[in-house]
Amino acid sequence: MQVDGFSLEVSPRPTVDAAGAAAIARELYGVEGPVVELGSQQDRNFRIDTCAGRVVLKVANPGWGVAALEAQNAALTHLATHHPDLVAPVPRAGLDGRLLYEVPDGAGTVLVRLLTYVEGTPLTGARRLAPEVVADLGRLSARVCSALTTFDHAGLDRATQWDLRRAVAVVPQLLGSVGDPVRRDVVADAAAVASARLAEVAARLRVGPIHGDLTDDNVVGSRDEAGRVRPDAVIDFGDLSRSWLVGDLAVTCSSVLRYPGHELTDLLPAVRAFHAVVPLTDDEIAALWPLLVLRGAVLVVSTEHQLALDPGNADLAEPLEGEWRILESARAVDLDLAQSLLRAGLGLPVGERHAAALGVARSATPMLSTGPGGTSVTSVTSVTSVTSATPGTPVTPVTSVVDLSVTSPLLHSGRFLEPEVEHDVLREAARPRGSAATRWGEARLTRTRLDSIVAPETIALGTQVVAQEGSLVVSPLAGIVSREADSGFRLVHETGLNLVVRGISLSGDVADGEHVEAGSPLGVFTTESAHLQWCVSPQLDPPAFALPSTAEGWLALCPDPSPLLGVDVAAPRPDPADLLRRRRRALASVQESYYEQPMRIERGWRHHLVDIEGRAYVDMVNNVAAIGHAHPRLADAVERQLRTLNTNSRFHYAAIAEFSERLAGLAPEGLDQVFLVNSGSEAVDLALRMAQTVTGRQDVVAVREAYHGWTALSDAVTTSLYDNPSALDSRPEWVHLTSAPNAYRGRFRGPSSGADYAAEVRELIDGLVERGRPPAAYVCEPLLGNAGGVFLPDGYLTAAYDAVRAAGGLAVADEVQVGYGRTGRWWWAFERSGVVPDVVTVAKAMGNGHPLGAVITTREIADAFGAAGSFFSSAGGSPVSCVTGMTVLDVIQDEGLQANAVAVGDHLVEGLTALMARHSVIGAVHGTGLYLGVELVRDRETLEPAGAECAAICERLRELGVIVQPTGERANVLKLKPPMCLTLGSADVVLHALDAVLTEGW
Ligand SMILES: Cc1ncc(COP(=O)(O)O)c(C=O)c1O
């Protein structure tokens, strides 16, 4: 449709005030009630709370035109009639049955309507829109769009500046209002480029009734469990018109780009959700980004125009800033790239736009010529695999394609962090006389960034090649060559395909701008290595590496360079979704994974984990990896021992004697007998069985809200509802529960609550004794691990131990989580309470991930247990386990990790306490050393747990490169129990990320 002029809807607002609105409502509609004026830029809207419900009196200036308002009323009636599930205002008829009235206002008239009021919370206020919310917006936009396809009205055909079909005319016409000449040029250029691209598909875009302004401002919703507003209702239809359907999506997307930091990938949830309801055509996908640029341009010039008319209007400054952000973010993305990313984001093949160029890239001639001394890449291996050429004779040279991925065996022991590692690995692979190349499309571990809240660009868009010095370089296709500044050249084919080569200089025989044929010599390899990268679009200047989130789009524009080398250098693109499906199909689902959509973690290094895309995370959950992930000293020791001997503990070998001695030496005086097992569950199980055997009793006193393991006995005393919602109803009758001694939110509160909790333990034990069932043991974690490291109140543990011992039972300390130096100031957490237990269980940190556990007790108890039968664990205390255990102890000592837990733990506590002063959701900071809990509450008085918020915060922290998980009975505690090698720098990253998440809201 040919569209020409447009009207600028900036006529003055009606003058009707609240009293006038009340009078109009009473006289025309017969409704009464308190009147509150709602905001509106061009109209006046009043909410009236009538006894029959809330309504909105909308007073529009006549610039709208009767037909447009009638169309809005008709559309709303259409939605209410045919799409009642779509929540939107419904027009209310006046006393004489009409839906629209013209009433006097000052010297003129205004148009009046009454609509039902849509209840809900506006989106405004959030500093960032969560992906779910962005998807909600896209879905809502599509639902309205879809519902309107069966609607029509003459009033839809409006000539407004907001109709994106007119943007091409609107922008130049209002451009003069942009005072700053540089910014004016920015708008003009962006609009011109977008208009040109749009023109290619405009004629084929679907046209129909559209909402025209389905943005974050025009929707309301309700809060989900995490407190996020989830938009599910549309409140304003003032821009209803006939236009391009895809324009509605562009407008919705533009409102997402308004938020600082949002970019194309943040829009994808909206685009996907829209596409799921209203499938977009190829042309519409191609038009989307140009339309977004134009939407940004129209917004900017319109507001600048209004400001020019009304220079003092401070209310326009803030929207204008957001509108510039939309334009800047939209124009920052090349249109080819945008289309490629959008299509990839929708799971669609990346279009035919560059089909010719892609075809040429696929059939290119290898660049490194075979011949005397020449090489080409022909084999794929992750390690060096080279056969050398005999100088001066024609050869079939063989070389390697190196693996720099996250799983590469070439990058162990932190080698991936060495500055020259890529070149070093390439050179090694090419040794002695071959050549080697890196992989295209690979997420390179070498490009990861530790301690970064920003995801790194890890995906290689080209290949780095090492060839034998003097190798001949020939042109892979016919095209024009030109020299590039940094000893490289570019070769451009007539299809637009261009090859960017860095590190190879054109020979003097080749002139700048010369047309060369495929196979013609261009130069020789004289440098260390060269970088080869295709790009199908001459306008683009692609980076060498892309973010994983944009990789599919970029890889489609920078295709596989394998033909340039004559060997496959394309890295396999892992499909994380498929792997997850396989896991979920084969692994019993009760063995849950962290996160709904877990990242695939394939490397650990110190206190960092790296996912398969090369994103590094600060690991704040792995207390098992106490000395850090992939510790070389441990790996070497275990490997050595595995190659030497691994057998069972009934044989006599040095490691078991030495390790047992060392463990006993770490325990308090008198606890000198060690049992070696494979896990914490086994250790607790054995400890309880020992207590039952030694005392000849069965009953055990356990603490509520605790986790002790999965074996029969350790599970019997596991009372945490977080781990087992029916735990309290399913305990065996010999397990007797006492309150979790949590002075923050437990049955008794405050620093002096220890006596009350102890009295409860005493009463319980006295009662058991009275019933003739004195307990065999009292078992407790000396720091409430499950609750996030909550300290036991003063005096509690001493009194509880006294009570159980007075009744002839044993005191069992479960140090599986909180022991082994993690608390920093003590090796065992029970030391803080000044007590010595009868039996200690330990595991987790002991083996740094290798299955290792132990029970340490007195000779008297051990002997009494032994008298009742033998004890043997096949792998418990094996040579490999003992060597593992001793190496862990050596590392903790040699690297000062216990002292580090104090230094970094104190730093974290200080930082978290400072955050608590600024973020009311932090109710308490528990724990000490590197066993900390940040308890989140909705109200510091009622302590209402902020469980859903905790989950949302963990999700967002993950995006910022920090792994934290919710814990505690109410899942409202961020548990911080990182490897003990956590650095101050990483702790600062965690604090910074948490601050950012709490500040931006969830
Ligand atoms: C306090 C406590 N005891 C025992 C266990 C069981 O240890 P494992 O998982 O090694 O069997 C755990 C595990 O989380 C624990 O936290």
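**Close-up views of a predicted protein–ligand model**

**View 1. Ser413, a residue in a loop.** With a relative accessibility of 47%, Ser413 falls in the partly exposed class, because that class lies between the 20% limit for buried residues and the 50% limit for exposed ones. The model shown here and in the views that follow is a predicted one. Ser413 belongs to the loop that runs between strand 12 (400–402) and helix 12 (421–430). Its backbone phi angle is positive, at about 55 degrees, although Ser413 is not a glycine.

**View 2. Glu705 and its loop.** Glu705 is another residue other than glycine with a positive phi, in this case near 70 degrees. The loop that holds Glu705 connects strand 28 (700–703) with helix 19 (712–716). Glu705 has a relative accessible area of 22%, and it is therefore counted as partly exposed, since the buried class takes in only values under 20%. Glu705 is also one of the residues in contact with Ser720, which is the subject of the next view.

**View 3. Ser720 and its partner Glu969.** Ser720 is placed in the loop between helix 19 and strand 29 (735–738), and with a relative accessible area of 0% it is buried. A polar contact of 3.2 Å joins the side chain of Ser720 to the side chain of Glu969. When residues within four places in sequence are set aside, Ser720 is in contact with Glu705, Ala706, Tyr707, Ala727, Asn786 and Glu969. Of these contacts of Ser720, Tyr707 also appears among the residues that surround the ligand.

**View 4. The ligand and the residues around it.** The shell around the ligand is made up of Ser679, Gly680, Ser681, Tyr707, His708, Gly709, Glu781, Asp814, Val816, Gln817 and Lys844. By residue class, this shell consists of two nonpolar, six polar and three charged residues. An oxygen atom of the ligand lies 2.8 Å from a backbone N or O atom of Gly680, while a nitrogen atom of the ligand lies 2.7 Å from an N or O atom in the side chain of Asp814. On the side of Lys844, an N or O atom of the side chain is 2.7 Å from an oxygen atom of the ligand. Taken on its own, the ligand has 390 Å² of accessible area, and the protein covers 84% of it.

**View 5. Leu499 in strand 19.** Leu499 is part of strand 19 (residues 498–502), and its relative accessibility of 0% places it among the buried residues. Beyond the residues up to four places away in sequence, Leu499 touches Met367, Pro476, Phe489, Arg490, Leu491, Leu532, Gln533, Trp534 and Leu564. The C-alpha atoms of Leu499 and Ala361 are separated by 9.1 Å, although the two residues stand 138 residues apart along the chain.

**View 6. Val187 and the largest nonpolar core.** The largest nonpolar core contains 135 residues, and within it Val187 and Trp289 touch the most other members. Helix 8 (residues 282–309) is the element that gives the most to this core, contributing 15 residues. Apart from its neighbours within four places in sequence, Val187 is in contact with Val171, Leu175, Ala297, Val300, Val301, Trp324 and Leu327. Another core, of 61 residues, lies apart from this one and includes Trp827, Val835, Ala845 and Leu852.

**View 7. Ser195 in helix 5.** Ser195 has its place in helix 5 (residues 181–199). With a relative accessible area of 16%, Ser195 is buried, because the value is under the 20% limit. Once its neighbours within four places in sequence are left aside, Ser195 is in contact with Val168 and Leu294.

**View 8. The whole chain, as a frame for the close-ups.** The protein chain carries 26 helices and 40 strands, and its C-alpha trace spans about 100 × 95 × 45 Å along the principal axes. Of the 1002 residues in the protein chain, 57% are buried. Contacts between residues at least 6 apart in sequence join residues at least 24 apart in 72% of cases. The accessible surface of the protein chain amounts to about 39100 Å², and 52% of that surface belongs to carbon and sulfur atoms.

Methods
Residues numbered from 1 in each chain as written. Predicted model: local features only at pLDDT ≥ 70, side-chain atom pairs only at ≥ 80, totals over all residues. Heavy atoms only, no water. Near = heavy atom within 4 Å. Polar contact = N/O pair within 3.5 Å; in protein donor to acceptor, adjacent residues only side chain to side chain. Areas by Shrake-Rupley, 256 points an atom, 1.4 Å probe, with all protein chains shown as cover. Nonpolar A, V, L, I, M, F, W, Y, C, P; charged D, E, K, R; others polar. Core = buried A, V, L, I, M, F, W, Y, C linked by side-chain atoms within 4.5 Å. Buried < 20%, exposed > 50% of the residue type's maximum accessible area, 1.4 Å probe, protein only. Helix = DSSP H or I, 4+ residues; strand = E, 2+ residues; numbered from the N terminus. Contact = heavy atoms within 4.5 Å.
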